[in-house]
Number of protein chains: 2
Amino acid sequence: MTTAQLVSQIKQKKSFLCIGLDVDLDKIPEHLLVLEDPIFEFNRAIIDATHHLCVAYKPNTAFYEAYGIKGWQALKKTIQYLNKNYPEIFTIADAKRGDIGNTSTMYAKAFFTDLAFDSITVAPYMGKDSVEPFLAFKDKHTIMLALTSNKGAFDFQTLTVPKQELYKEVLQVSKSWKNSENLMYVVGATKAEYFKEIRKIVPESFLLVPGVGAQGGNLQDVCKYGLSKNIGLLINSSRGIIYASKEKDFATIAALKAQELQSQMKILLKDFI
Amino acid sequence: MTTAQLVSQIKQKKSFLCIGLDVDLDKIPEHLLVLEDPIFEFNRAIIDATHHLCVAYKPNTAFYEAYGIKGWQALKKTIQYLNKNYPEIFTIADAKRGDIGNTSTMYAKAFFTDLAFDSITVAPYMGKDSVEPFLAFKDKHTIMLALTSNKGAFDFQTLTVPKQELYKEVLQVSKSWKNSENLMYVVGATKAEYFKEIRKIVPESFLLVPGVGAQGGNLQDVCKYGLSKNIGLLINSSRGIIYASKEKDFATIAALKAQELQSQMKILLKDFI
């Protein structure tokens with residue numbers, strides 16, 4: 001998917017919501033557990049109920065890997081279901097991968113070719129030659145960790161290296177990498193005041209923003225500093241939407257939670273559409 | 001596996017060799033391709049031929065994920081084969097994972113519980129709360145990226161933050177994390193001169209060292225600065241061993257290549273055994 005197609009979808013749906021599909025068998029409704037593939041059935045119900053309210057889905061690979069081969073199968077069925085039934089949706093493999101060149105190429109093949117995701121999250125620690133293999137794929141997007149939403153973000157990301165903080169250096173340096181137009185960045189909503197500085201370095205790049213809801217981030221604050229000419233934001237919510245109810249009506253309640261966020265986004269987007 | 005058991009195995013085998021199982025269907029002998037699970041058959045042959053010469057195997061997960069569910073199955077069969085037939089071997093899931101707390105716990109479950117690896121490689125970018133969930137597992141080891149063997153290591157890892165380089169800060173800071181006795185570190189062999197400084201910060205920790213062979217690192221140089229009182233080194237070689245031959249004798253040739261390294265290690269270990 002091209003960035004233009006993503007922006008067009010955002011304008012059409014008046015939403016830049018991404019729903020995180022972090023499926024934990026301990027948290028999904030009990031009536032699904034008797035089915036052959038409860039993870040996929042849960043995802044399918046959530047997707048069918050919310051696809052008109054969001055523009056992206058983001059399965060976090062950890063939750064699938066934790067269930068071994070069955071989990072990997074559920075991940076594959078989920079992305080296939082999305083690509084077949086909702087091809088307009090932007091799909092994100094939240095995998096936080098990154099390794100030396102030939103190994104990153106294998107990861108890129110796994111997620112871009114075999115699973116056919118539109119994008120993947122990657123860690124920057126190993127530098128340019130660990131990220132460029134992902135960037136080489138046309139119309140695929142590489143979402144690099146910049147400033148994450150967790151407490152540990154202050155362990156290294158905000159250290160000064162020495163001209164500016166590490167996360168700013170990551171943003172700055174990555175702009176010179178080959179095919180850097182395929183880069184997006186992860187920036188946590190819990191750090192809304194940082195968006196102003198971040199937009200000075202990457203004024204137009206799409207930012208994938210976790211941390212609204214459960215982690216305490218605020219949508220309005222993020223938009224105040226983070227919206228770009230092309231919108232440039234994907235706001236993710238996982239637990240706040242998909243685990244809003246553990247009853248048989250879980251998908252309907254998930255849709256209501258998604259609708260709440262989408263309604264706020266519609267107001268915030270009024271100058272863009 | 002405890003660190004003491006690993007050290008004991010090293011002394012017994014007079015080897016601190018780790019063999020990387022980065023299986024690429026384009027590189028393995030053609031006669032294996034007709035079998036039902038060529039990746040596993042390749043691994044089994046390599047393992048059977050080399051297990052007495054090395055102390056660890058390190059499958060890189062990217063190579064398995066690139067083949068989707070079949071790849072994941074081959075990974076599972078490989079670790080099960082190792083645990084059943086060679087329980088003394090230290091197993092490393094080279095996965096470079098790391099995410100916010102609850103997600104890292106899922107990754108830890110995937111690799112420590114479901115697949116039953118002894119250790120996993122993780123990226124430090126997201127800080128303490130992204131690594132501690134791995135450290136919580138008893139007798140499991142978390143091998144954190146410190147100074148990697150690729151060119152991109154100089155993009156961020158060697159920046160000054162501001163008292164010392166980032167990778168030193170990563171080493172230093174991580175020593176204060178909960179259960180940090182379960183930490184090991186990745187340090188590339190291509191940077192032998194750095195081991196002197198690294199040993200000042202982590203005098204006893206085990207270091208997993210990629211980059212000997214294909215990437216140009218030198219075993220003697222690494223040992224000169226890197227060996228600790230407890231040996232404290234695992235030297236990895238992947239391509240140089242497993243792809244030494246593409247013929248039917250590939251496992252025998254792999255064993256010869258492993259033997260070459262083990263012979264050098266035996267000499268380097270003479271003061272320890």
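Me: Before we start, what counts as buried here?

Reply: A residue is buried if 20 or more other C-beta atoms lie within 10 Å of its own. Keep in mind that this is a predicted model.

Me: Good. So is Ile231(A) buried or exposed?

Reply: Ile231(A) is buried, because 21 other C-beta atoms lie within 10 Å. Ile231(A) also has a positive phi of about 75°, although it is not a glycine.

Me: Hm, what's the usual sign of phi?

Reply: Most residues other than glycine have a negative phi.

Me: And where in the chain is Ile231(A)?

Reply: Ile231(A) is in the loop between helix 10 (219-226) and strand 8 (233-237) of chain A.

Me: What about the phi of Asp139(A)?

Reply: Asp139(A) is not a glycine either, and its phi is positive, about 60°. Asp139(A) sits in the loop between helix 6 (128-135) and strand 5 (141-147) of chain A.

Me: Is Asp139(A) buried or exposed?

Reply: Asp139(A) is exposed, with 11 other C-beta atoms within 10 Å. The cut-off for exposed is 12 or fewer.

Me: Switching to peptide bonds: is the one from Val161(A) to Pro162(A) cis or trans?

Reply: That bond is cis, with omega near -15°. Pro162(A) belongs to the loop between helix 7 (153-156) and helix 8 (166-174) of chain A.

Me: And what joins Val161(B) and Pro162(B)?

Reply: A cis peptide bond, with omega about -15°. Pro162(B) lies in the loop between helix 7 and helix 8 of chain B. As a rule, most peptide bonds are trans.

Me: Let's zoom out. How many helices and strands does chain A have?

Reply: Chain A has twelve helices and eight strands. Its C-alpha atoms fill a box of roughly 55 × 45 × 35 Å along the principal axes.

Me: What does the radius of gyration of chain A say?

Reply: Chain A has 18 Å, and a compact globule of 273 residues would have a value near 19 Å, so the two agree. Buried residues make up 57% of the 273 residues in chain A.

Me: How about contacts far apart in sequence in chain A?

Reply: Taking contacts in chain A between residues at least 6 apart in sequence, 72% join residues at least 24 apart.

Me: Now the contact between the chains. How many residues from each?

Reply: Chain B gives 49 residues and chain A gives 49 residues. On the side of chain B that touches chain A, helix 5 of chain B gives the most, with seven residues.

Me: What's the mix of classes on that side of chain B?

Reply: The side of chain B that touches chain A has 23 nonpolar, 14 polar and twelve charged residues.

Me: Last topic, helix 4 of chain B. What span should it have?

Reply: At 1.5 Å a residue, its 18 residues should span 26 Å, and the end C-alpha atoms are 26 Å apart, so the helix agrees with the expectation.

Me: Which residues of helix 4 of chain B are buried?

Reply: The buried residues of helix 4 of chain B are Gly71(B), Trp72(B), Ala74(B), Leu75(B), Thr78(B), Ile79(B) and Leu82(B). They are on the same side of the helix, because they cover an arc of only 160° around the axis.

Me: And which are exposed on the other side?

Reply: Lys84(B) and Asn85(B) are exposed on the other side of helix 4 of chain B.

Me: What covers the buried residues of helix 4 of chain B?

Reply: The cover includes helix 4 (68-85) of chain A, along with strand 1 (17-21), helix 2 (38-50), strand 2 (56-59), helix 3 and strand 3 of chain B.

How values were computed. Residues numbered from 1 in each chain as written. Chains lettered and ligands numbered in written order. Predicted model: local features only at pLDDT ≥ 70, side-chain atom pairs only at ≥ 80, totals over all residues. Contact = placed C-beta atoms within 7 Å. Helix = DSSP H or I, 4+ residues; strand = E, 2+ residues; numbered from the N terminus. Nonpolar A, V, L, I, M, F, W, Y, C, P; charged D, E, K, R; others polar. Rg over C-alpha atoms; globule rule 2.2 N^0.38 Å. Expected span 1.5 Å × (residues − 1). Arc of directions from axis to C-beta.
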